[in-house]
Amino acid sequence: MKLSRRVSAVKPSATISITVHAKQLKAQGVDVISLAAGEPDFDTPEHIKAAAITALERGETKYTPSNGLPVLREAIAHKLQEENGLEYSPDQVVVGCGAKHSLYNVFQAILDPGDEVIVPAPYWVSYPEFTHLAEGKPVIVETAQRDGFRIAPAQLEAAITPRTRAFVLNSPSNPTGMGYDRAALEALAEVLRAYSDVAVVSDEIYEHLIYDGFEHCSFAAVAPDLYERIFTVNGFSKTFSMTGWRLGYVACPDTASAKGIKCIQDQSTTGTTSFAQYGALAALQGGMACVEEMRVAFDERRRFLVNALNAIPGVECLMPQGAFYVFPSVKAWGIPSMELAMRLLDEAYLAPVPGAAFGAEGHIRISFATSHDHLEEAVTRLQAWHAEHVSD
Ligand SMILES: Cc1ncc(COP(=O)(O)O)c(C=O)c1O
């Protein structure tokens with residue numbers, strides 16, 4: 001079958017392929033510790049599940065408006081105001097099948113062929129691919145570990161050309177766990193003020209998984225004068241451990257862009273699962289105690305993991321400010337990250353994700369969305385593997 005150029009331009013997700021390979025080994029009885037998870041290892045809180053079950057039993061089994069239930073969009077607008085200091089009307093909110101779907105649709109809605117999208121690296125694997133799928137051109141800007149993997153204002157400015165259509169901001173970040181504080185966001189906004197054609201796609205999906213007093217700031221709240229060109233994307237997967245529910249949303253700069261995205265959904269998914277949306281509503285209305293429990297567990301694992309990794313020769317690991325990943329440099333080991341990930345899988349039964357997948361060679365991503373016991377065992381295996389295979 002001859003496939004389209006569009007399909008040939010897209011890379012399969014390396015994170016998914018490593019998880020699949022690890023699962024295959026597990027199915028063969030190998031005791032693999034997956035460090036690749038992009039989802040919390042906790043179950044969805046009971047009150048959220050109960051709300052979806054009740055909705056199902058009530059007969060909420062039909063199509064919903066393709067931009068989401070009005071009651072859910074209202075609750076999202078309320079959340080954005082209360083938690084993020086952002087004014088959005090429910091008509092500016094479009095609920096999609098996960099933040100991934102919402103991001104995909106934003107790229108489809110704003111890019112024409114050849115338009116450039118500035119993506120700081122290390123990046124979440126899907127941003128360049130969303131760009132390719134919209135026939136745009138990702139412009140990757142490398143950031144450094146010593147700068148906390150944050151793009152400097154001068155780097156952003158240098159990357160902007162007359163073809164630049166969007167800048168992707170992800171704070172806290174997957175894969176680095178690092179975030180931009182208010183001052184750092186203000187400095188980026190200052191650059192963007194001069195370029196009125198550049199939209200900002202602000203992916204805030206890890207906003208609640210933050211540590212050590214890091215304060216999450218929504219870009220649109222820091223730079224209200226840029227509101228008309230900011231898309232704020234968020235979802236339920238990470239905060240409420242609802243990855244399988246497929247629920248996310250985008251808050252659009254105006255109702256016209258929201259209508260554009262709704263139109264894409266009209267002609268593709270017709271919105272997301274009806275009863276799942278009632279679960280999302282319960283998540284927003286049910287308080288944050290369940291999230292805090294998960295956050296505290298992540299925090300404890302995070303500190304254990306970073307300290308243990310930094311004790312292994314050649315590993316340099318920053319303490320992440322958010323999310324549930326660490327992104328250590330293993331450059332000193334001199335092994336390309338893909339080869340390293342494969343060897344760790346085959347020789348130590350560990351499954352991290354190679355940094356190359358995120359546009360950052362010399363690193364691996366380790367998820368701490370797994371139990372403390374698993375992490376302890378993983379570190380023990382990594383130490384032993386290092387002692388046997390890496391000469392200092
Ligand atoms: C940075 C980032 N954005 C968006 C998503 C998508 O989340 P979902 O589609 O499950 O809402 C992910 C998931 O891994 C992510 O890491």
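This is a chat about the sheet, cavities, pockets, ring pairs and backbone of a predicted model.

User: Before we start, what kind of model is this, and what counts in it?
Analyst: The model is predicted: local features need pLDDT of at least 70, side-chain atom pairs count only at pLDDT 80 or more, and totals for chains, interfaces and linings use all residues. Residues are numbered from 1 along each chain as its sequence is written, and side-chain values use heavy atoms, with hydrogens and water left out.

User: OK, the sheet. What's the strand order?
Analyst: The order is β2-β8-β7-β6-β5-β3-β4, an open sheet of 7 strands with mixed pairing. Strands here are DSSP runs of E with at least two residues, helices are runs of H or I with at least four, and both are numbered from the N terminus. Two strands pair if DSSP finds at least two bridges between them.

User: Which strands stand at the edges?
Analyst: β2 (93-96) and β4 (137-142). Each has a single partner strand, so one side of each is left without a neighbour in the sheet. The twist averages 20 degrees from one strand to the next.

User: And how does β2 pair with β8, parallel or antiparallel?
Analyst: Antiparallel, over 4 bridges, with β8 covering residues 248-251. Val94 has Val250 in β8 as its bridge partner.

User: Which helix lies across β2?
Analyst: That's α4 (residues 70-84), which also lies across β7 (230-235) and β8. α4 runs at about 115 degrees to β2. Axes are lines fitted to C-alpha atoms, for helices over the stretch in contact (heavy atoms within 4.5 Å), and angles run from 0 to 180 degrees between N-to-C directions.

User: Switching to voids. How many cavities are there?
Analyst: The search of the whole structure gives 3 cavities of 30 Å³ or more. The setup is a 1 Å grid over the protein atoms alone: a cavity is a set of points where a 1.4 Å probe fits but cannot get out, while a pocket is an open set with protein on both sides within 12 Å along at least five of seven lines. Lining residues have an atom within 4 Å of a point. Points are joined across faces, edges and corners, and a volume is the space filled by probe spheres set on them.

User: What lines the largest cavity?
Analyst: There are 19 lining residues, with Pro120, Pro122, Asn170, Ser173 and Tyr180 nearest the centre. The space is about 160 Å³. β3 (116-121) and β5 (164-170) each supply at least two lining residues. By class you get 12 nonpolar, 6 polar and 1 charged. Nonpolar is Ala, Val, Leu, Ile, Met, Phe, Trp, Tyr, Cys and Pro, charged is Asp, Glu, Lys and Arg, and the others, Gly among them, are polar.

User: How does the lining of the second largest cavity split by class?
Analyst: 11 nonpolar, no polar and no charged residues. The volume is about 60 Å³, and the lining includes Leu35, Ile364 and Val379. α14 (372-389) is one of the elements giving two or more residues, and its 3 residues are the largest share.

User: What about pockets, how big is the largest one?
Analyst: About 870 Å³. Of its 40 lining residues, Ala36, Ala37, Gly38, Glu39 and Lys238 are closest to the centre. α2 gives the largest share, 7 residues. The lining has 18 nonpolar, 13 polar and 9 charged residues.

User: And the second largest pocket, who's nearest its centre?
Analyst: Thr143, Gln145, Lys331, Glu361 and His363, out of 17 lining residues. That pocket holds about 300 Å³, and its lining divides into 6 nonpolar, 6 polar and 5 charged.

User: How many aromatic pairs?
Analyst: The count is 17, taking rings of Phe, Tyr and Trp (its six-membered ring) with centres within 6.5 Å; planes under 30 degrees apart are stacked, over 60 edge-to-face and the rest tilted. For Tyr206 and Phe324 the centres are 5.6 Å apart and the planes at 85 degrees, so that pair is edge-to-face. Tyr206 is in the loop between β6 (199-203) and α9 (219-222) and Phe324 in the loop between α12 and β9 (325-326), so the pair ties together parts 118 residues apart in sequence.

User: Last topic, the backbone. Where is the peptide bond to Pro122, and is it cis or trans?
Analyst: Ala121 and Pro122 are joined by a cis bond, omega about 0 degrees, and Pro122 sits in the loop between β3 and α6. The bond from Ser171 to Pro172 is also cis, with omega near -10 degrees.
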